[in-house]
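Reader: I am new to this structure and would like to be led through how some of its helices are arranged. Could we look at it together, one question at a time?

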Amino acid sequence: MRIIISCICILLLFSSCNLFSSKNKDKITEEQMLEHQLMEENTEKMKRIFFVLPSPIEISILIKKSGVHFQENLLNSTENLPGYSTSPSRAIALGVYCADLSYASLNEQYQISIEYINVARNLAESLGVLRTVDQEKINTLENNVTNKDLIVDIISEIYMESSDQLREQDRYSLAALMLIGGWVESIYLATQSVSLDEESHQLLIKQILDQKLSLESIKTVLRDNQSDPTIKPIYMDVLQLEKLFDRCVKNTNSEETNDFRESVDSLVFVQLVAKVGEMREYLVQ
């Protein structure tokens, strides 16, 4: 009788184990599906933000075309590099230095460009995304520092590859911070360079105010990552910046005017420039 009872207990035990295993398997499968879905959503959001935001090179080209003079004092000093000790601060700084690098190289500041390339490589390496630049290109550049095309090529590699690798590693918030760091620094350089009194600056002013269209994608990514203490203040700043963008253009039919500057509320524009400056100060501190 004892043998029969023992056999029944063993069978029940196996049955229970199989049931538990089956439920656990279902649970894992469900978790995997949710994780996959989240990954797809994050990938889609990152694609939107990547395609909506102009690259630092694009904005630097506009600044250069406006005829404004290069101002070295606008750059984020390379002496700040040791202060970026966390991954979020390094990701932001990588975007910021890539924007400064674009600005310097397109203004033919070659020695500064070499210095900022090394800083950007250092940050990319510390983030574990140093598949960014071919060493042979660096060696070629060191032997010919006035090769602007090569510098632009290297900037593109650092910026695009770093963003791609962070996304491939599922480090979406870091990829977003890098892109936003580059965007804010580019807008900072542009807003500090323009004057509403200069007719030749009107295209650059229009491009600055067109950045309102980029804010929706930025807001979506930041809103979904507000639990990150680094991201929440940036999100709050972006909301304030959005209100200033909304108020900056007085005339909705501004394209019909000959001079875009006439449609700009100068007082609000000054506030917008100041807000961008505050955001940039927070990002590089």
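The questions and answers below take up two helix pairs and one single helix in this predicted model.

Reader: How are α9 and α10 oriented to each other?
Author: The axes of helix α9 (residues 215–223) and helix α10 (residues 231–248) come within 9 Å of each other and cross at roughly 155 degrees. Angles over 145 degrees count as roughly antiparallel, and therefore α9 and α10 are roughly antiparallel to each other.

Reader: Into which classes do the residues of the contact of α9 with α10 divide, and how many are charged?
Author: Among the residues of α9 in this contact are Leu215, Ile218 and Leu222, while those of α10 include Ile231, Val238 and Phe245. The residues of the contact divide into ten that are nonpolar, none that are polar, and, as the number asked for, four that are charged.

Reader: What is the orientation of α3 relative to α7, and which hand does their crossing have?
Author: Helix α3 (residues 87–106) and helix α7 (residues 172–193) have axes that come within 7 Å and cross at roughly 40 degrees. That angle makes α3 oblique to α7. The crossing in which α3 passes α7 is right-handed.

Reader: Which residues of helix α2 are buried, and which residue just after α2 takes a positive phi?
Author: In helix α2 (residues 56–65), the buried residues are Pro56, Ile57, Ile59, Ser60, Leu62 and Ile63. Just after α2, a positive phi of about 80 degrees is taken by Gly67.

Technical notes: Residues numbered from 1 in each chain as written. Predicted model: local features only at pLDDT ≥ 70, side-chain atom pairs only at ≥ 80, totals over all residues. Heavy atoms only, no water. Axes fitted to C-alpha atoms, helices over the stretch in contact; angles between N-to-C directions. Helix = DSSP H or I, 4+ residues; strand = E, 2+ residues; numbered from the N terminus. Parallel < 35°, antiparallel > 145°, perpendicular 65-115°, else oblique. Contact = heavy atoms within 4.5 Å. Nonpolar A, V, L, I, M, F, W, Y, C, P; charged D, E, K, R; others polar. Buried < 20%, exposed > 50% of the residue type's maximum accessible area, 1.4 Å probe, protein only. Left-handed = near helix turned anticlockwise from the far one by under 90°.
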